Amino acid sequence: MAWIEKDNSLCKVFTFKDFSEAFAFMTRVALIAEKQNHHPLWTNVWNKVDIRLSTHDAGDIVTDKDRKLAEAIDKLAG
């Protein structure tokens, strides 16, 4: 599934085998987000992680910072 641009955000839902895999994924994403100093809005319910990316400093719109983080997240997810 590709990222979808909706309501000035890049959005994607990732599904995993269980909560542990979803949480491990979120931990890996957190490390990359911190390195890029660009943090997602996300939720987690059991095996699903819903991520939304936008750039607050640019007026909460999608920018290259979001696309760069989305690409890095996709690489983590395989």
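Buried residues make up 33% of the 78 residues in the chain, where buried means under 20% relative accessible area, exposed means over 50% and partly exposed lies in between, with a 1.4 Å probe and protein chains only. The model is predicted, and therefore local features need pLDDT of at least 70 and side-chain atom pairs count only at pLDDT 80 or more, while totals for chains, interfaces and linings use all residues. Residues are numbered from 1 along each chain as its sequence is written, and side-chain values use heavy atoms, with hydrogens and water left out.

**Exercise 1. The overall fold**

Work out which elements the chain contains, and in what order they run from the N terminus.

Solution. Start by counting the elements: the chain has two helices and four strands, taken as DSSP runs numbered from the N terminus, with at least four residues of H or I for a helix and at least two of E for a strand. Read from the N terminus, their order is β-β-α-β-β-α. Next, turn to the dimensions: the radius of gyration is 12 Å, close to the 12 Å that the globule rule gives for 78 residues, so the chain is as compact as a globular protein of that length; the radius is taken over C-alpha atoms, and the rule is 2.2 Å times the number of residues to the power 0.38. The C-alpha trace spans about 35 × 25 × 20 Å along its principal axes. Finally, consider the contacts (heavy atoms within 4.5 Å): of those with a separation of 6 or more, 60% are between residues 24 or more positions apart.

**Exercise 2. Strand 2 and its partners**

Determine which strands pair with strand 2, and how many bridges each pairing has.

Solution. Two strands pair if DSSP finds at least two bridges between them. On one side of the count, strand 1 (residues 4–6) pairs with strand 2 in the antiparallel sense over three bridges, and here Ile4 has Cys11 as its bridge partner. Strand 4 (residues 48–53) also runs antiparallel to strand 2, to which six bridges join it, with Leu53 as the bridge partner of Leu10. As for exposure, strand 2 (residues 9–15) is mostly covered, since five of its seven residues are buried.

**Exercise 3. The turn between strands 1 and 2**

Strand 1 and strand 2 form a hairpin; find what sign phi has at Asp7 and at Asn8, and how far each residue is exposed.

Solution. The hairpin has two residues between its strands, and both Asp7 and Asn8 lie in that loop. Phi of Asp7 is near 50° and phi of Asn8 is near 60°, each a positive value in a residue other than glycine. For comparison, most residues other than glycine have a negative phi. Asp7 counts as exposed because its relative accessibility is 65%, whereas Asn8, at 46%, is partly exposed.

**Exercise 4. Two histidines in one loop**

Decide whether His38 and His39 are buried, partly exposed or exposed, and identify the polar contact that each side chain makes.

Solution. Begin with location: His38 is in the loop between helix 1 (19–36) and strand 3 (41–45), and His39 is found in the loop between helix 1 and strand 3 as well. His38 counts as buried because its relative accessibility is 6%, whereas His39, at 46%, counts as partly exposed. A polar contact is a pair of N or O atoms within 3.5 Å; within protein, one must be able to donate a hydrogen and the other to accept it, and residues adjacent in sequence count only if both atoms are side-chain atoms. The side chain of His38 has such a contact of 2.6 Å with that of Asp66, and the side chain of His39 has one of 2.9 Å with that of Glu34. Not counting residues up to four places away in sequence, His38 touches Ala33, Ser54, Thr55, Lys65, Asp66 and Leu69, while His39 is in contact with Ala33 and Glu34.

**Exercise 5. The nonpolar core**

State how many residues the largest nonpolar core has, and which element gives the most to it.

Solution. Such a core is a set of buried Ala, Val, Leu, Ile, Met, Phe, Trp, Tyr and Cys residues joined through side-chain atoms within 4.5 Å. The largest one has 15 residues, and those with the most contacts inside it are Trp3, Phe14, Phe25, Val49, Ile51, Leu53 and Ile73. Strand 2, helix 1, strand 4 and helix 2 (64–77) each supply at least two of its residues, and helix 1 gives the most, with four. Leaving aside residues up to four places away in sequence, Ile51 touches residues including Trp3, Phe14, Phe25 and Ile73.
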